[in-house]
Amino acid sequence: MFLLAIYLFLLFNCVICNLENSPRIVIVGAGASGIAAASKLYENGFENILILEAQDRIGGRIHTIQFGEYLIDLGAQWVHGQINNVAYELAAPLGLLENTTWKLALYNSAGTKIDETIFKDTINVFENALYNISIPDIDISVGEHYEQKYIISISFAEYFNDHPEINTTLQKDLLRFFNLIECSLSASDTWYEPSIKAELEYEMCEGNLSINWKKRGYSTILDILMKKIPDATKELPILNNTLLNSEVINIDYTKNNDSIKIRTLNSQEYLADHVIVTPSLGVLKANYQSLFNPPLSESKITTIEGLAFGTVCKIFFQFDEPWWEYNLNWGFNFLFNESYRNELENDPDKKWITSTISLNSVEHKPHLLVAWVTAKGCRLLETLPDDKVLEHSMDMLHTFMGKDYNITKPNEMIRSKWTQNKHFRGTYSFHSVESEKVHASAEQLSEPIIKNQLPIILFAGEATNKRFYSTVHGAIASGWREADRLIKLYAKAL
């Protein structure tokens with residue numbers, strides 16, 4: 001028995017020794033999924049880990065910055081839901097989160113505030129038109145579904161009959177408004193792109209969908225993952241093993257000895273036994289042909305090309321003094337009538353305004369407002385200089401809200417530019433009608449590349465999460481998934 005104990009002790013230490021020297025794991029990208037993968041690997045004894053990050057910072061599409069006296073999020077901002085949401089499960093027990101309760105208002109482009117009851121009731125009617133149906137056999141777009149329901153639905157007809165003040169013109173304006181809401185949720189250009197089937201199959205976490213970080217930003221989740229919070233003495237060595245400004249331009253897995261060679265833009269080369277690829281779907285779409293050697297399989301290419309990737313963007317304004325009721329969390333929504341919309345569409349510099357969905361308060365930051373702009377407008381907006389964006393934004397606010405508020409000029413403005421950044425090319429993925437046609441799925445994107453019966457190239461990131469694509473909690477879970485894949489692989493070797 002004593003000799004057996006010694007044998008097991010030596011065997012265990014030999015395994016740990018091998019684990020320290022091998023496997024060599026390179027993670028491409030230090031966003032939520034990459035850091036989540038690294039943290040789980042470190043926690044399970046893996047030590048030969050290197051993260052290569054193209055940017056000069058960690059976080060990926062989580063980007064918290066200082067803006068005046070406040071921390072703001074240019075990227076991910078809210079924790080969406082509580083049940084089965086790993087971000088919530090990590091942060092809520094630490095007292096870092098708070099549910100947001102919104103005060104909503106809808107203004108039309110004549111400067112008139114739409115009756116609050118009508119606004120809320122209309123939202124309910126549209127939501128019921130989406131969720132009170134079974135998953136269709138024939139796939140159509142969200143927009144086509146709504147328009148069909150709008151034409152034939154008894155609930156729509158009854159509601160509009162009960163509210164004759166919602167004339168045909170206003171009904172059309174409301175349809176365009178809900179088009180923009182869908183675009184803001186899916187990051188699409190129009191609601192004719194997202195698949196209604198995919199949207200109904202998507203898993204929305206139960207609970208409040210806009211849980212805020214109080215005075216902090218979403219980057220707090222990175223500190224939690226790295227164990228810097230709640231006890232900094234237990235921080236994992238992730239930052240020490242992350243190389244910034246190290247854009248990966250090629251992953252070569254042609255070697256017979258199973259060693260993978262990773263080459264970066266700054267002419268550095270690294271060897272690995274496994275590579276976890278976490279860049280955005282937008283980056284994969286742009287670079288998959290040059291990134292992988294040998295080329296990806298046809299099925300993987302079809303998936304990358306078939307899944308959709310879009311964007312939303314934000315414009316933050318800071319005012320000397322709030323001109324709105326800053327003790328409430330306001331969501332000022334905009335309803336464009338056809339004449340104003342046409343006027344803007346004919347102005348190449350101003351047509352981005354028609355893609356603006358709302359102007360919101362920022363919780364715990366009473367001097368800030370943030371405008372949310374959907375994909376079609378973002379691409380134009382990001383090309384304009386700050387002075388024009390500010391001028392056009394103020395024109396928009398005065399048009400919609402000038403009758404009810406004494407709107408002042410902000411003393412500072414900042415905006416996101418996700419589409420112009422080659423390291424992202426947008427914000428998050430969605431499943432379009434075209435995705436369904438080619439049978440592209442997050443699950444297929446997540447399938448690893450196998451060589452000699454080993455997963456050598458693994459894929460993580462929000463777009464690879466079949467349940468929670470487009471979210472931070474989906475990104476985190478995908479990183480854990482790929483870490484678990486390697487943990488189980490080496491556990492089998494014991």
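In what order do the six strands of the open sheet come, and is the pairing mixed? This is a predicted model, and I will start with that sheet. The order is β6-β16-β17-β18-β15-β19, and yes, the pairing is mixed. At the edges sit β6, residues 103–108, and β19, residues 412–415, each of which pairs on one side only. From one strand to the next, the twist averages 20 degrees. As a reminder, strands of a sheet pair through backbone hydrogen bonds, either parallel or antiparallel.

Next, the pair β15 and β18. Strand β18 covers residues 368–374, and seven bridges join β15 to β18. The two run antiparallel. Within this pairing, Cys-313 stands opposite Val-373 of β18.

Two helices lie across parts of this sheet. Helix α4, residues 116–131, lies across β6 and β16, the latter being residues 330–335. Its direction is at about 100 degrees to β6. Helix α7, residues 168–186, lies across β6, β15, β16, β17 and β18. For α7 the angle to β16 is about 125 degrees.

Now back to Cys-313, and to the cysteines. How many disulfides does a search of the whole structure find? The search gives one. The partners are Cys-313 and Cys-378, with their sulfur atoms 2.3 Å apart. The link is left-handed, at -105 degrees about the S-S bond. This pair links distant parts of the chain, 65 residues apart: Cys-313 belongs to strand β15, residues 312–318, and Cys-378 to helix α13, residues 375–381.

Are the two partners buried or exposed? The cut-off for buried is under 20% relative accessible area. Cys-313 has 0% relative accessibility, so Cys-313 counts as buried. Cys-378 is also at 0%, and therefore counts as buried.

What about Cys-183? Cys-183 is in no disulfide, and the nearest cysteine sulfur, that of Cys-378, is 10 Å away. With a relative accessible area of 0%, Cys-183 is buried. Cys-205 has 5% relative accessibility and counts as buried.

Last item, helix α14. It spans residues 386–401, which is 16 residues. From first C-alpha to last, α14 reaches 22 Å, close to the 22 Å expected at 1.5 Å a residue. Which residues of α14 are buried? They are Val-389, Leu-390, His-392, Ser-393, Met-394, Met-396, Leu-397, Phe-400 and Met-401.

To close, the two points to keep in view while looking at the model are the mixed six-strand sheet and the disulfide of Cys-313 and Cys-378.

Definitions and conventions
Residues are numbered from 1 along each chain as its sequence is written. This is a predicted model: local features need pLDDT of at least 70, side-chain atom pairs count only at pLDDT 80 or more; totals for chains, interfaces and linings use all residues. Side-chain values use heavy atoms; hydrogens and water are left out. A disulfide is a pair of cysteine sulfur atoms within 2.5 Å. Helices (H or I, at least four residues) and strands (E, at least two) are DSSP runs, numbered from the N terminus. Buried means under 20% relative accessible area, exposed over 50%, partly exposed in between (1.4 Å probe, protein chains only). The expected span of a helix is 1.5 Å times one less than its number of residues. Two strands pair if DSSP finds at least two bridges between them. Axes are lines fitted to C-alpha atoms, for helices over the stretch in contact, and angles run from 0 to 180 degrees between N-to-C directions. Contact means heavy atoms within 4.5 Å.
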